[in-house]
Each structure stands twice: as C-alpha cells, then as structure tokens.
Amino acid sequence: MSEAAELELAEKARKLFAGPINFLKSAPGLPFLPDPDAPEIAFAGRSNVGKSSLLNALTNRKALARTSNTPGRTQELNFFDVGEPLQLRLVDMPGYGFAEAPKDMVKRWRFLVNDYLRGRAVLKRALVLVDSRHGLKEVDREIMHMLDDAAVSYHLVLTKGDKVKPSALGAIYETTMVEAAKHPAAHPFIFTTSSETGSGIAELRRAILEAAAS
Ligand SMILES: Nc1nc2c(ncn2[C@@H]2O[C@H](COP(=O)(O)OP(=O)(O)OP(=O)(O)O)[C@@H](O)[C@H]2O)c(=O)[nH]1
Ligand SMILES: [Mg+2]
C-alpha cells in the first residue's frame, strides 16, 4: 500500500470509530443472531483478558461494552453496529477459561462459539486476545484450533501492554510469533494494545476496517 493510501485508510478508520456505534443485541444462541447483512469482526479471549475494554477503547466510549472484574461477565454474543449507514459489526464473545466456571457453562460456551465460528459467512476476522503478562495458554490454543478448522482468519492481540515492562513485552511478542506461525489461519501480524494508554488502538482500528472490506 502506498503512503497516501495508508494515511487515507487511517483517517477513514478514525472517522468511522468516532462516529455512530450502537449496541444491537445479545445473542444467547444461534437462533438469536442478527441477519448476516454486514461484515463481522469477533473478539475472543480468556475471561478478563480485556475484550470489552478493548471494544470501548476502539470506539472511544467508556461503557459501550460492559467491563468488570468478575470473570465470565459476558455470557452471550454481543453485537455492535458500526457506522451509519452500517459498515461493520463488532462481536464481543463470552470469555473462556476461568477456574470457577461450571462444567455446563463451559459446554455451552464451546457449542455457541463453535457454531458461530463455523457457520457465519459474514465473519471476516477474529481477534484472539492474549494477556501480555501471561502469553498463550492451553485454552487459547483450543480456540486457535477451532478458528484454524473453521478457516476463519485471526489476529492475535496482546492486551494490557501497560502492565508489563517493554523488555518482557518483547519476549512475549517473540514467543507468541513463533507459535502463531504454526497456525494456518493466524495472521502473521500481532498487535500489542493497551486500553488504558491507547497504544496500538489506532493500528487495530485500521486493521478492522481493512478486514471488513476484504
Ligand atoms: N491496566 C489495564 N487494565 C485493563 C486493560 N484492559 C482491561 N483491563 C482491566 O481488566 C479487567 C477485565 O477487563 P474486561 O474488558 O471486562 O475483560 P473481558 O475480557 O471482557 O472479560 P469477560 O467479559 O469476563 O470475558 C477490568 O478490570 C479492566 O479494567 C488494559 O489495557 N490495561
Ligand atoms: Mg467482557
């Protein structure tokens, strides 16, 4: 992409995310999904990794998506309409992998997420969020395999970058890159973000717009 085209895309992304964004609905199961009439970008990741916070940071709103310290707060697929006229939808997915989760809840999560990922033609990309302090865990590998199998391309996003020293962040970035390279649907570019300081947020907005248009 030329420098002029890059700048134009960045400006388009900035404007889009500064404009109208509205909560559309919560879907506790497949029959409740909205009509597939816009490209979707889904946010996945362990409970408490910062999915809802990242959504708020991207959209520059304080409480568009509900955040909390209680793991498992988001239990449904939450859809947010971006742009008027509608350009794309952001999907906040329920978090996985917290210790106290009852077995039937884990089962429900697996079915809901698997069905959604496999059957959704308008799903253009997933973002798999990984806590910068912890790196990839077994439960993250599980969803990466689900995405590989469903052939949904995804970006890994290292969250809470403000919580680790730059040297530690560099190390986790390297090991995450090495592992991502082994996954067919993982995009080679990994984002590092902080919803606190806003670092990496503009870059991610651009990537979302690019993925939605692809
Ligand atoms: N310092 C820092 N804290 C963050 C960041 N992102 C999220 N947090 C905090 O981490 C906690 C969990 O954030 P959420 O956005 O609710 O996490 P979630 O992934 O949506 O969690 P579930 O809905 O339970 O799956 C909250 O206390 C946030 O304030 C970040 O970039 N930096
Ligand atoms: Mg959440």
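**A seven-stranded sheet and its helices**

Of the 214 residues in the protein, 37% are buried, and I should say at the outset that what we are looking at is a predicted model.

Let me turn to the overall build. The protein holds six helices and seven strands, and if you follow the sequence from its beginning, they come in the pattern α-β-β-α-β-β-α-β-α-β-α-β-α. The radius of gyration is 16 Å, close to the 17 Å that the globule rule gives for 214 residues, and therefore the protein is as compact as a globular protein of that length. Taken along the principal axes, the box that the C-alpha atoms fill is roughly 50 × 45 × 35 Å. If we consider the contacts between residues at least 6 apart in sequence, 76% of them join residues that are at least 24 apart.

Now, how are the strands arranged? Seven strands form an open sheet with mixed pairing, and their order across the sheet is E1-E3-E4-E2-E5-E6-E7. Strand E1, residues 21-27, and strand E7, residues 191-192, stand at the edges with a single partner strand each, so one side of each is left without a neighbour in the sheet.

Within that sheet, strand E2, which covers residues 40-45, pairs in the parallel sense with strand E4, residues 88-92, over four bridges, and there Ile-41 stands opposite Leu-90 in E4.

Finally, which strands does helix H5 touch? Helix H5, residues 166-180, packs on the sheet and touches strand E5 (123-131), strand E6 (154-159) and E7, while the direction of the helix makes about 160° with that of E6.

Terms used:
Residues are numbered from 1 along each chain as its sequence is written. Chains are lettered from A and ligands numbered from 1 in the order in which they are written. This is a predicted model: local features need pLDDT of at least 70, side-chain atom pairs count only at pLDDT 80 or more; totals for chains, interfaces and linings use all residues. Helices (H or I, at least four residues) and strands (E, at least two) are DSSP runs, numbered from the N terminus. The radius of gyration is taken over C-alpha atoms; the globule rule is 2.2 Å times the number of residues to the power 0.38. A residue is buried if 20 or more other C-beta atoms lie within 10 Å of its own, exposed if 12 or fewer, and partly exposed in between; C-beta atoms are placed from the backbone. Two residues are in contact if their C-beta atoms, placed from the backbone, lie within 7 Å. Two strands pair if DSSP finds at least two bridges between them. Axes are lines fitted to C-alpha atoms, for helices over the stretch in contact, and angles run from 0 to 180 degrees between N-to-C directions.
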